[in-house]
Amino acid sequence: MPRKCSAFNCRTGYRNNEDKITVFKFPSKKEECMKWLSSLPNFIKYEDVTRHMGICRLHWPENFKSKPAQGGVRIPTEPPSIFENVPPSTIPKPPPKERTTVMSSVNSRNCPVDEMVEFMTMDAIDYNTFQEEWRLRFSLGTCILTSSGFAVLSNVHDGPIFQWSLFFNLNSDSGKYTYVFYSKIERIRLSFLSSDTIRAWSEIEAIVQYISLELDDYVLNKTSNYIYCQIQLINLPTNHFLYSMDDITDAYQWFSKSRSCYNSMRVHLRLPSVWLLQRLTSSLVKDN
């Protein structure tokens with residue numbers, strides 16, 4: 001079986017080609033054979049090379065370097081380098097020279113810094129300084145340290161119940177902080193946040209804005225209810241006043257701050273008498 005040329009688009013050694021052209025077999029040494037294979041425009045595995053495969057004389061220049069072989073035939077000592085009718089992009093090229101210059105940074109090239117990257121860096125929360133950072137950023141609530149993270153408690157409360165409370169707890173499994181928000185004693189999930197995990201100050205600012213609006217509604221509702229209660233008390237006889245616990249609590253807070261101001265307020269508002277407040281206070285002392 002005649003040896004056929006293995007170069008791309010070459011028909012030397014095939015049945016329909018009558019030209020008598022020498023076909024050199026691939027070198028027996030693996031290192032030299034790999035040099036021949038790597039110089040070809042087509043890919044051939046070293047394991048697929050057989051004794052019936054080779055490269056014909058047409059793929060070397062006229063004065064190619066050679067060495068003697070058995071039978072007086074001279075074989076080339078260098079890989080093939082001539083490939084006609086082959087797209088230039090398929091011909092192997094030597095690797096590019098190694099780059100000697102060092103890539104310069106963005107600052108050294110005077111390129112503008114990406115504003116989004118800069119914002120995300122500034123917006124990221126450092127929980128090591130969370131308590132101090134909260135006091136600098138917001139005047140809403142009191143931030144305290146807890147066993148599992150941080151708690152922000154409302155300065156407005158109804159007796160022992162805070163008007164709102166916000167907790168940031170460290171998840172030991174993921175190492176991330178998640179939030180829990182309460183309106184009085186009701187736990188509320190904030191729909192404008194995509195997840196429970198809090199990573200950025202912009203997310204906390206959205207929570208603070210929501211709390212501020214809720215606090216305004218709370219104060220407005222409480223004011224409206226107080227006016228409504230005062231109107232009801234005005235329409236009742238003096239000896240039939242029925243004060244709610246909220247009325248008595250508010251009255252006692254005002255009375256404890258300034259007795260003279262409280263007496264002035266009683267001229268215009270239906271408030272419990274000083275005697276009633278002192279009586280309630282003394283009864284509480286006796287019970288304790």
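The paragraphs below lead from the overall make-up of this predicted model to a small sheet, a group of aromatic rings and one tyrosine in a strand.

The protein contains 7 helices and 12 strands, and of its 288 residues 28% count as buried. Its accessible surface comes to about 21000 Å², with 55% of that area belonging to carbon and sulfur atoms. Among the contacts with a separation of 6 or more, 44% are made by residues that stand 24 or more positions apart.

One open sheet is formed by 3 strands in the order β1-β3-β2, and the pairing within this sheet is mixed. Strands β1 (4-5) and β2 (23-25) stand at the edges, and because each has a single partner strand, one side of each is left without a neighbour in the sheet. The pairing between β1 and β3 (residues 53-56) is parallel and runs over 2 bridges, with K4 standing opposite M53 in β3. The residue K4 also takes part in another arrangement, since it lies over the face of Y14 at 5.8 Å from the ring centre. R11 likewise lies over the face of Y14, in this case at 4.1 Å from the ring centre.

Turning to the aromatic residues, the structure holds 17 aromatic pairs. In one of them, the rings of F138 and W201 have their centres 6.3 Å apart and their planes at 45°; an angle that is neither under 30 degrees, as for stacked rings, nor over 60, as for edge-to-face rings, so the pair is tilted. This pair links distant parts of the chain, for F138 belongs to the loop between α3 (130-137) and β6 (142-145), whereas W201 belongs to helix α4 (residues 201-234), 63 residues apart from F138. Both F138 and W201 are buried, and both are members of one aromatic cluster that also includes Y127, F130, W134, F150, F168 and Y177.

The last stop is Y182, which lies in strand β11 (residues 177-183). Is Y182 buried, exposed or partly exposed? Its relative accessible area is 25%, and because buried means under 20% and exposed means over 50%, Y182 counts as partly exposed. Leaving aside neighbours within four places in sequence, Y182 is in contact with W164, S165, F167 and R187. The C-alpha atoms of Y182 and F162 are separated by 9.0 Å, although these two residues are 20 residues apart along the chain.

Definitions and conventions. Residues numbered from 1 in each chain as written. Predicted model: local features only at pLDDT ≥ 70, side-chain atom pairs only at ≥ 80, totals over all residues. Heavy atoms only, no water. Helix = DSSP H or I, 4+ residues; strand = E, 2+ residues; numbered from the N terminus. Buried < 20%, exposed > 50% of the residue type's maximum accessible area, 1.4 Å probe, protein only. Contact = heavy atoms within 4.5 Å. Pairing = 2+ DSSP bridges. Areas by Shrake-Rupley, 256 points an atom, 1.4 Å probe, with all protein chains shown as cover. Phe/Tyr/Trp six-rings, centres within 6.5 Å; stacked < 30°, edge-to-face > 60°. Lys NZ or Arg CZ within 6 Å of the ring centre and 35° of its normal.
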